[in-house]
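Q: I would like a close look at a single part of this structure, the surroundings of the ligand. Please take that part slowly and then place it in the rest of the chain.

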Amino acid sequence: MGRRGPEWRDEAAAALLVRYLRGIRPEGPTLVLGDPLPDVVDHLSGRGLEAVMWSRRALGGRRATPWPPDGPFGTAALRIPRAKEELAMTLHGAAGALAPEGTILVYGAKDEGIGSVFRHLDPLFERVEAVAVGGHCRVLRGRLRGSLQADRGSLKDWRETGRLSYPSLTQAWVSYPGVFAHGHLDPGTRLLLDALPDLPGNKRILDYGCGSGVVGGVVKNRYPQVRLELLDVDAVALEAARENVRGCRLLLGDGLPAVPGEPFDAILSNPPFHRGKAEEPEMILRLIRGAPPYLNEKGGLVLVAQRRISLEDAFRKAFRRVGIRAEDGAFRVWEGWLPR
Ligand SMILES: C[S@@+](CC[C@H](N)C(=O)[O-])C[C@H]1O[C@@H](n2cnc3c(N)ncnc32)[C@H](O)[C@@H]1O
């Protein structure tokens with residue numbers, strides 16, 4: 001297994017869990033939570049055990065919902081999520097789906113903080129211990145406590161509202177754990193908002209990777225006539241965007257192939273750059289290369305990215321007019337316009 005590829009933690013953690021599962025017969029059915037890890041499900045199904053996958057993210061075109069399905073499940077196996085507050089919320093979702101005295105298994109890499117998961121498990125689970133260690137990963141196991149089944153047991157229990165400090169976003173702003181920048185305005189997003197192009201009239205605009213809807217929200221407030229679509233892979237982010245940005249269409253899916261319909265006048269984005277702890281500039285390059293077919297003949301892509309990422313070649317290959325709309329010490333707002 002290569003340590004350098006961005007997926008090594010997924011692979012090592014799943015391999016360790018499968019090794020542990022081989023030695024036991026999980027109380028079934030098993031709920032497999034987190035970003036899709038087919039190895040785990042394949043292993044369980046291969047032994048004739050019932051396994052149900054749940055993820056809030058529609059990665060690879062998979063079905064995604066904001067909250068885990070109703071149980072009861074005998075066992076829940078959770079790949080540690082990247083954000084600590086997402087861990088607590090997902091553990092409550094798993095607890096609510098488990099049968100009385102059901103088993104939780106949490107697995108992940110040491111540098112993702114699997115060691116600090118004990119204290120998150122404690123309020124919900126007892127007899128927590130590490131049952132497998134190897135490949136820089138651990139599997140923790142606990143048993144559902146008897147007393148507190150449905151504590152914070154639905155998505156609405158995790159809804160938070162706050163204020164974003166941006167002039168045209170004055171309303172209370174909804175967010176949930178694990179949604180990008182969770183209730184704050186990211187500095188890269190702020191630079192993009194300050195440097196948005198003029199979008200008068202009823203232009204068709206896509207906010208790619210909308211998160212809680214900050215970019216789309218500013219566009220809609222500035223240009224009420226726009227026909228706005230908000231795309232995100234995260235079903236929970238879309239629940240926040242649904243409340244934050246009125247009069248738009250929400251799309252749940254993995255990248256541009258998930259976007260149906262007419263081409264856009266502009267695609268605006270603070271695009272994803274991280275997969276778990278790993279940086280993946282390829283996600284931004286894919287967006288740049290893939291955008292032209294989704295744009296009309298004079299359409300453009302405007303995105304913000306860390307300035308250390310080299311994007312000029314990709315922009316020049318995909319677009320005729322390329323420029324930098326704004327930059328600061330950390331970020332750069334790129335634009336590319338057709339025709340090629
Ligand atoms: C850097 S965040 C920006 C969020 C929001 N636009 C903002 O500026 O606050 C990137 C967003 O892209 C979403 N995302 C990641 N991969 C995606 C994909 N393949 N397709 C669509 N959205 C994706 C993430 O869920 C996240 O909400």
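Which of the 16 residues around the ligand come nearest?

A: The model is a predicted one. Within it, the residues that come nearest to the ligand are Thr189, Gly209, Asp232, Asp254 and Gly255, out of the 16 around it. By type, the shell around the ligand divides into seven nonpolar, six polar and three charged residues.

Several backbone atoms lie within polar-contact distance of nitrogen on the ligand. A backbone N or O atom of glycine 209 is 2.8 Å from a ligand nitrogen atom. For cysteine 210, a backbone N or O atom is 3.4 Å from a nitrogen atom of the ligand. Glycine 253 has a polar backbone atom at 3.5 Å from a ligand nitrogen. As for cover, the ligand taken alone exposes 600 Å², and the protein buries 89% of that.

Cysteine 210 can be followed further, through its sulfur. The structure holds zero disulfides. Cysteine 210 is accordingly in no disulfide, and the nearest cysteine sulfur, at 7.9 Å, belongs to cysteine 248. A pair of cysteine sulfur atoms must lie within 2.5 Å to be called a disulfide, so the 7.9 Å between these two sulfurs rules the pair out. Seen from the other side, cysteine 248 is in no disulfide either, with the sulfur of cysteine 210 as its nearest cysteine sulfur. The two residues can also be described by their accessibility. Cysteine 210 counts as buried because its relative accessibility is 6%, under the 20% cut-off. Cysteine 248 has a relative accessible area of 22% and is therefore partly exposed.

Next comes the packing of nonpolar residues. In soluble globular proteins, nonpolar side chains tend to be buried together. Here the largest nonpolar core has 32 residues, and Leu193, Leu268 and Val333 have the most contacts inside it. The elements giving two or more residues to this core include the helices α5 (187-194), α6 (214-222) and α7 (235-244). The strands that do so are β10 (227-232), β12 (264-269), β15 (295-306) and β17 (331-337). The largest share comes from α6, with four residues. The numbering also links this core to the ligand shell: Thr189, one of the residues nearest to the ligand, falls in the range of α5, and Asp232, another of them, falls in the range of β10.

Some backbone details elsewhere in the chain complete the picture. The peptide bond from glycine 71 to proline 72 is cis, with omega near 5°. Proline 72 is placed in the loop between β2 (51-54) and β3 (73-79). Another cis peptide bond joins leucine 338 and proline 339, with omega about 5°, and proline 339 is found in the segment after β17, a strand that contributes to the core.

Positive phi angles also occur at residues that are not glycine. Arginine 127, in strand β5 (residues 125-134), has a phi of about 55°. Arginine 127 counts as exposed because its relative accessibility is 61%. Histidine 136 has a positive phi of about 65° and lies in the loop between β5 and β6 (137-144). With a relative accessible area of 47%, histidine 136 is partly exposed.

Terms used:
Residues numbered from 1 in each chain as written. Predicted model: local features only at pLDDT ≥ 70, side-chain atom pairs only at ≥ 80, totals over all residues. Heavy atoms only, no water. Near = heavy atom within 4 Å. Polar contact = N/O pair within 3.5 Å; in protein donor to acceptor, adjacent residues only side chain to side chain. Areas by Shrake-Rupley, 256 points an atom, 1.4 Å probe, with all protein chains shown as cover. Nonpolar A, V, L, I, M, F, W, Y, C, P; charged D, E, K, R; others polar. Buried < 20%, exposed > 50% of the residue type's maximum accessible area, 1.4 Å probe, protein only. Core = buried A, V, L, I, M, F, W, Y, C linked by side-chain atoms within 4.5 Å.
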